[in-house]
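I opened the notebook to look up how two helices pack and where aromatic rings meet.

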Amino acid sequence: MYSQHLHYLPLPPIVYALLLGALLALFVLIQIGVLSYAYGRIGLSSKSATLMLLASLLGSYVNIPIAHFSGERVVPQEVIDFFGRRYVVPKVVDWPGMILAVNVGGAVIPFFLSIYLLARNRIWIVGAAATAIVALVVHLLARIVPGVGVGVPIVAPPLVSAALALLLSRDHAAPVAYVSGSLGTLIGADLLNLDKMRAIGTPIASLGGAGTFDGIFVTGILAVLIASLPLRRKPSGVSHAPP
């Protein structure tokens, strides 16, 4: 009955244009050789990584309902400013409570891609450790935005996850950055605030949607950039001082 309201762009079109432009620029830089993309550092080819990021961007329009809470107060607003950004929410007049949904581009795709990268690169332990730290930092920074959901500063997840990845595992920094940035944001911002979701007052509370999607998407771009860095291993062997 209300399915037509489930799918909407959680960010203004200009923001999507900027994110799409950044993705296209990244792909062009890789193809012309400005960025030396390293397949083994992330577990995806440059084409596959670009397609996954594009699917994530397009999938942010789609929300899959998983629960319904009746009798909740709904804030009938279309655009809300928070953390210096503008969030778009569906404006409704007659809505039977709140629907809890999962965003395809901001939650479903990042989750399954993260599981693949964890298994492909065998980084379960370091990935879990980095994810836990990012989740803690994001949870401390997250704020409940009435009428929208849970808001997180866009730069926090990618910067924290990138720093941890380079510190904990330089050989697998790219996949660790993506996994910790994506799963850490979903856990710290959305899952750890599930008990507060019903009081937000939005018709649709989307996990991985408004408030967290842009941070997760930028994390993916940053992971590809890290894979292009000339991370060299230290030469093996023992050096001997001259006599």
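My entries below take the helix packing, then the aromatic pairs, then one residue before a helix.

I noted first that this is a predicted model, in which local features need pLDDT of at least 70 and side-chain atom pairs count only at pLDDT 80 or more, while totals for chains, interfaces and linings use all residues. Residues are numbered from 1 along each chain as its sequence is written, and side-chain values use heavy atoms, with hydrogens and water left out.

**Helix packing.** I looked up helix α4 (residues 124–141) and helix α6 (residues 173–190), which pack at an angle of about 45 degrees with their axes 7 Å apart. That makes α4 oblique to α6 (under 35 degrees counts as roughly parallel, over 145 as roughly antiparallel, 65 to 115 as roughly perpendicular, the rest as oblique). I took helices as DSSP runs of H or I with at least four residues, numbered from the N terminus, and axes as lines fitted to C-alpha atoms over the stretch in contact, with angles running from 0 to 180 degrees between N-to-C directions.

I then listed the contact (heavy atoms within 4.5 Å): the α4 side includes Val126, Ala130 and Val134, and the α6 side includes Val176, Val179 and Leu183. The residues of this contact divide into ten nonpolar, seven polar and no charged, where Ala, Val, Leu, Ile, Met, Phe, Trp, Tyr, Cys and Pro count as nonpolar, Asp, Glu, Lys and Arg as charged, and the others, Gly among them, as polar.

**Aromatic pairs.** I searched the whole structure and found three aromatic pairs (rings of Phe, Tyr and Trp, the last by its six-membered ring, with centres within 6.5 Å; planes under 30 degrees apart are stacked, over 60 edge-to-face, the rest tilted). The rings of Tyr16 and Phe213 have centres 6.2 Å apart and planes at 20 degrees, so I entered this pair as stacked. Tyr16 lies in helix α1 (residues 13–31) and Phe213 in helix α7 (residues 213–227), so far along the chain that 197 residues separate them. I checked their accessibility as well: Tyr16 is buried at a relative accessible area of 10%, and Phe213 is buried at 1% (buried means under 20%, exposed over 50%, partly exposed in between, with a 1.4 Å probe and protein chains only). Tyr16, Phe213 and Phe217 form one aromatic cluster.

I also recorded Phe111 and Phe112, an edge-to-face pair with 5.2 Å from centre to centre and 80 degrees between the planes. Phe111 is partly exposed at 38% relative accessibility, whereas Phe112 is exposed at 56%.

**Before α1.** Leu9 lies in the segment before α1 and is partly exposed, with a relative accessible area of 35%.

Definitions and conventions: Helix = DSSP H or I, 4+ residues; strand = E, 2+ residues; numbered from the N terminus.
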